[in-house]
Amino acid sequence: MSVSHPAAVITGLGTFTPLGRGAADTFDALCHGKSGLRRPPAGHLLDGTVGSAGIAPDIEASEVLPPSEGRLVDRFALMALAAADDALADAGLVVGRDADPERVAVVVSSGAGGLTTYEAQAHDRVSRGRTAVSPYLLPGMLPNMAAARIAIKHGIRGWSSAVSTACAAGAHAVAEAARLIRYGEADVVVCGGAEAPLNPTSALAFDHARALAGGWDDDPEAASRPFDRRRNGFVLAEGAGVLVVERADHADARGAAGYADLLGWGASTDAFKPTAPRPGGEGAAQAMRGALRTGGLTPDEVGYINAHGTATKLGDVAETRAVRAVFGDRSPAVSSTKSMTGHLLGGSGAVEAAVCALAVSRGTLPPTHNLDEVDPACDLDHVRGEARRGPVAAALSNSFAFGGHNVSLLFGTASTRTTRQREGEGT
Amino acid sequence: MSAEVEKFIIEALENMNYDVSEVTGDTPLGPAGLDLESLSVAEIAIQVEDTYGVKFEEDEMESVALLTVSGLVKEIVDRAAAAAAAR
């Protein structure tokens, strides 16, 4: 394939999820089938509301912000800041030293922003009166504030935005990064997504929409079971993922090694129902075809799909049909990260993009956990039980959202002169 | 009343994570001292309004931010006295 546009390479990763802080350790945990799901402990906001949740590590504002700037900053922004700090450190990139601040962009999304902080302030207003509402509420909870805080902290002065497309928000951010690099609008893009939905009002809304898994109180780790016959919904989770995406020659000029190239993106819209996908997965298939087209690859070159795979009854079947529509009889290897992290909503697409980058760089595919008996309606080449080893030339990551937003991202072998060693898993 | 108001303001600053260990009445609220963000000034104004019934209008916020701690205390005490006299 002739490349007439600048290649976009992933040079840094940061994840903050129910499996802990740090992308490499998280990938190892996924490959070993470790679950990050548990019953919310006593004292947690969701104690007594749901039987299983994906709870990320504690984080104090003072860990990521100066003392006077951390006031009322919601957890979604704190987790995004931690992931961004880690991703930039991993890339060895200091804005201003290694990149022109005006040529660095930040696109970090959230589905809903700081609703937990909003809920607490609303409660205080009712119980204590109007003066309980702080002027710091808005810069603490607006969905753009993860991107803004990262920009302020790291001196990023180029393009910035936050895409709010529910469960596709993180993937949309990565897609925007690919476009910014391809069309020459930035040399480096800090991109990703974050979500902190573990408050009772949000959890009950998802539960009452019949979206959450139920009946797994005795075994919270078993609650998220994508493509399994006994699946009955997703597990609500929180976390953030951030990637440093860089023009390949910019990375080469500073001697940075790449994990994987961000080859292409595809996006589509179901234009169907507010919360249900088109049953045939037509929108999802259109997104995957778009990613292959912008990446200049054919379906037979794709070795792995990191599925959206939330474990809802309808969603997993629609995604299976979409994969079949694009790939025919030859299914690439498929697995769902959400089987172990739960569904991080606007954070998922970014965390799963990081998983794909590591899968390509290490030649290792993490399994789908809890896939004990594959639903015949979800018949694909599932990676289950153990991680699968072997080179992966290209991988897709799917994200589909309430509202009918579909995004598929395409990853391939890093085109930088030096690439990340195949450390840890796969060596 | 002044000592009580000063204590109230310093406690409010402390609750907002400002380092108040070296704050005195002469400490400016602005860049030469505490370097309060505009939202911090607004938050203090709301708490003052709630506790002392003294209101600072939006177009006054900039000049409030240029006061010292003692200057702000005097402003609150004077306004509270004026409000009491008007009742």
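Guide: A helix here is a DSSP run of H or I with at least four residues, a strand is a run of E with at least two, and both are numbered from the N terminus. The model is predicted.

Visitor: Which residue with a positive phi follows H5(A)?
Guide: H5 of chain A covers residues 145-154. Phi turns positive just after this helix, near 70°. The residue is Gly155(A).

Visitor: How many of the ten residues of helix H5 of chain A are buried?
Guide: Buried means 20 or more other C-beta atoms within 10 Å of the residue's own. In H5(A), Met145(A), Ala146(A), Ala147(A), Arg149(A), Ile150(A), Ala151(A) and His154(A) meet that cut-off. The helix is therefore largely enclosed by the rest of the structure, with a buried count of seven of ten.

Visitor: What do the buried residues of H5(A) pack against?
Guide: Both helices and strands of chain A take part. The helices are H2 and H4. The strands are E5, E6 (160-161) and E7.

Visitor: How many residues of strand E7 of chain A are buried?
Guide: E7(A) spans residues 188-195. Val188(A), Val190(A), Gly192(A) and Ala194(A) point one way, Val189(A), Cys191(A), Gly193(A) and Glu195(A) point the other way, and all are buried. The strand is largely enclosed by the rest of the structure, because the buried residues number eight of eight.

Visitor: In which sense do E7(A) and strand E8 of chain A pair?
Guide: E8(A) is residues 239-247, and eight bridges link this strand to E7(A). One opposed couple is Ala194(A) and Ala240(A). The sense is antiparallel.

Visitor: In which sense do strand E5 of chain A and E7(A) pair?
Guide: E5(A) is residues 104-109, and the pairing runs over six bridges. Val104(A) sits opposite Val188(A). The sense is parallel.

Visitor: Is Val245(A) buried or exposed?
Guide: Val245(A) lies in E8 of chain A. Beyond four places in sequence, this valine touches Ala8(A), Ile10(A), Ala177(A), Ile181(A), Val189(A), Cys191(A) and Leu262(A). A count of 20 other C-beta atoms within 10 Å is enough for burial. Val245(A) has 32 of them, so the residue is buried.

Visitor: What separates the C-alpha atoms of Val245(A) and Gly12(A)?
Guide: Along the chain, the two residues are 233 residues apart. In space, their C-alpha separation is 7.3 Å.

Visitor: What does helix H3 of chain A reach from its first C-alpha to its last?
Guide: H3(A) covers residues 115-128, which is 14 residues. At 1.5 Å a residue, 20 Å is expected. The model comes close to that, at 19 Å.

Visitor: Which residues in H3(A) are buried?
Guide: Their cover includes helices H2 (75-91), H4 (137-141) and H7 (200-208) of chain A. Just after the helix, Gly129(A) has a positive phi of about 105°. The buried residues are Leu115(A), Thr116(A), Thr117(A) and Tyr118(A).

Visitor: What is the radius of gyration of chain A?
Guide: Chain A has twelve helices and 16 strands. The globule rule gives 22 Å for its 427 residues. The model is close to this, so chain A is as compact as a globular protein of that length, with a radius of 20 Å.

Visitor: Which feature does UniProt place at residues 5-413 of chain A?
Guide: This span is 32% helix and 19% strand. Its end C-alpha atoms are 16 Å apart. The unreviewed UniProt entry gives "domain: Ketosynthase family 3 (KS3)".

Visitor: How many helices does chain B have?
Guide: The elements run α-α-α-α from the N terminus. Strands number zero in chain B, and the helices number four.

Visitor: Which feature does UniProt place at residues 16-73 of chain B?
Guide: The span is 41% helix and 0% strand. Its end C-alpha atoms lie 18 Å apart. The unreviewed UniProt entry gives "domain: Carrier".

Visitor: How many residues of chain B are in contact with chain A?
Guide: Chain A contributes eight residues to the contact. These divide into three nonpolar, four polar and one charged. On the side of chain B, the number is ten.

Note on methods:
Residues are numbered from 1 along each chain as its sequence is written. Chains are lettered from A and ligands numbered from 1 in the order in which they are written. This is a predicted model: local features need pLDDT of at least 70, side-chain atom pairs count only at pLDDT 80 or more; totals for chains, interfaces and linings use all residues. UniProt positions are given in the numbering used here, feature names are shortened, and annotations may be inferred rather than shown by experiment. Two residues are in contact if their C-beta atoms, placed from the backbone, lie within 7 Å. Ala, Val, Leu, Ile, Met, Phe, Trp, Tyr, Cys and Pro count as nonpolar, Asp, Glu, Lys and Arg as charged, and the others, Gly among them, as polar. The expected span of a helix is 1.5 Å times one less than its number of residues. A residue is buried if 20 or more other C-beta atoms lie within 10 Å of its own, exposed if 12 or fewer, and partly exposed in between; C-beta atoms are placed from the backbone. Two strands pair if DSSP finds at least two bridges between them. The radius of gyration is taken over C-alpha atoms; the globule rule is 2.2 Å times the number of residues to the power 0.38.
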